[in-house]
Amino acid sequence: MVCIASNTNDATRKVLHKLEVKAKACRRCRLHKTRTNVVFGDGPSTANVMIVSEAPGFWEDQKGVPFVGAAGKNLNALLFEAGLRREEVYIANILKCRPPQNRDPLPDEIEACRQFLEGQISAIKPKLVVALGRIAGRTLLGRYMVMGKEHGRLLDRTYASASFKLFLTYHPAAALYGAETKQRLQADFRKLGSVLKSLA
Ligand code: URA
């Protein structure tokens, strides 16, 4: 088990709370019309590790919490491979509202939502961010990338004035498409465990 220590930080919590209130009232893109709940993020404001994925799915939209139900179980199993528990990481998505039928986020939706992820990253100041899938990878890298070519890479990145290590891997749902991708995803999370030990 990798122990990621955390201290209480009221100022960060307040910044995140204000941002969440703003996100819940957001009408900057079409997705506000079809959402049930805004899915802002979940986890300790003091987390050293932040998981950034694509967008809420059906159950996340229903509950207002990222990675619940089957998706949550899958993520927990992967975190376990890295020696992490869900309670010690902060989980956010690129989009805070569910795209209808879980379609890919559109560029203008990513742009409209950017301020919230930027705010989360600059408030939390994680040491390491794990990008799950190409949408998260491309947004955090600020360039085109193909996960099949770049998964498992650890990069130095500055985003929203915060500097951190960026670890790239597949979206957990990619594991549903085949055993080979599932194995790569699991191997990436085991590598992430080693990376965390070296950063501790
Ligand atoms: N998939 C995502 O990308 N995000 C979630 O919150 C749940 C499933």
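## Exercises on a sheet and two pockets

This predicted model holds an open sheet of five strands, in the order β2-β1-β3-β5-β4 and with mixed pairing. Let's work through the sheet, then the pockets.

**Exercise 1. Find which strands stand at the edges of the sheet, and say why one side of each is left without a neighbour.**

*Solution.* Start from the strand order, β2-β1-β3-β5-β4. Its two ends are β2 (89-93) and β4 (154-159), and these stand at the edges. Each has a single partner strand, so one side of each lacks a neighbour in the sheet. To complete the view, add the twist: from one strand to the next it averages 30°.

**Exercise 2. Describe how β3 and β5 are joined, and then place helix α7 relative to the sheet.**

*Solution.* Begin with the strands themselves: β3 covers residues 128-132 and β5 covers residues 162-169. They run parallel, and five bridges join them. For a point to look at on screen, take Leu132, which stands opposite Thr169 in β5. Now bring in helix α7 (residues 179-199), which packs on the sheet. Its contacts are with β1 (49-53), β3, β4 and β5. Finally, compare directions: that of α7 makes about 150° with that of β5.

**Exercise 3. Characterise the largest pocket by its volume, its central residues and the make-up of its lining.**

*Solution.* First, the space: the largest pocket holds about 730 Å³. Next, the residues: 29 line this pocket, and Glu54, Ala55, His171, Pro172 and Ala173 are the closest to its centre. Then ask which elements give two or more residues to the lining; these are α2 (58-63) and α3 (69-81). The largest share, four residues, comes from α3. Last, sort the lining by class, which gives 16 nonpolar, eight polar and five charged residues.

**Exercise 4. Do the same for the second largest pocket: give its volume, its lining residues and the helix that gives the most to the lining.**

*Solution.* The volume is about 160 Å³. Reading along the chain, the lining is made of Asn74, Ala77, Leu78, Glu81, Pro172, Ala175, Leu176, Lys182, Leu185 and Gln186. Assign these to elements, and you will find that α3 and α7 each supply at least two. α3 gives the most, with four residues. By class, the lining divides into six nonpolar, two polar and two charged residues.

To finish, link the two pockets through Pro172: this residue is among the closest to the centre of the largest pocket, and Pro172 also lines the second largest one.

Key: Residues numbered from 1 in each chain as written. Predicted model: local features only at pLDDT ≥ 70, side-chain atom pairs only at ≥ 80, totals over all residues. Heavy atoms only, no water. Pairing = 2+ DSSP bridges. Axes fitted to C-alpha atoms, helices over the stretch in contact; angles between N-to-C directions. Contact = heavy atoms within 4.5 Å. 1 Å grid on protein atoms, 1.4 Å probe; cavity = no way out; pocket = protein on both sides within 12 Å on 5 of 7 lines; lining within 4 Å. Points joined across faces, edges and corners; volume = space filled by probe spheres on them. Nonpolar A, V, L, I, M, F, W, Y, C, P; charged D, E, K, R; others polar.
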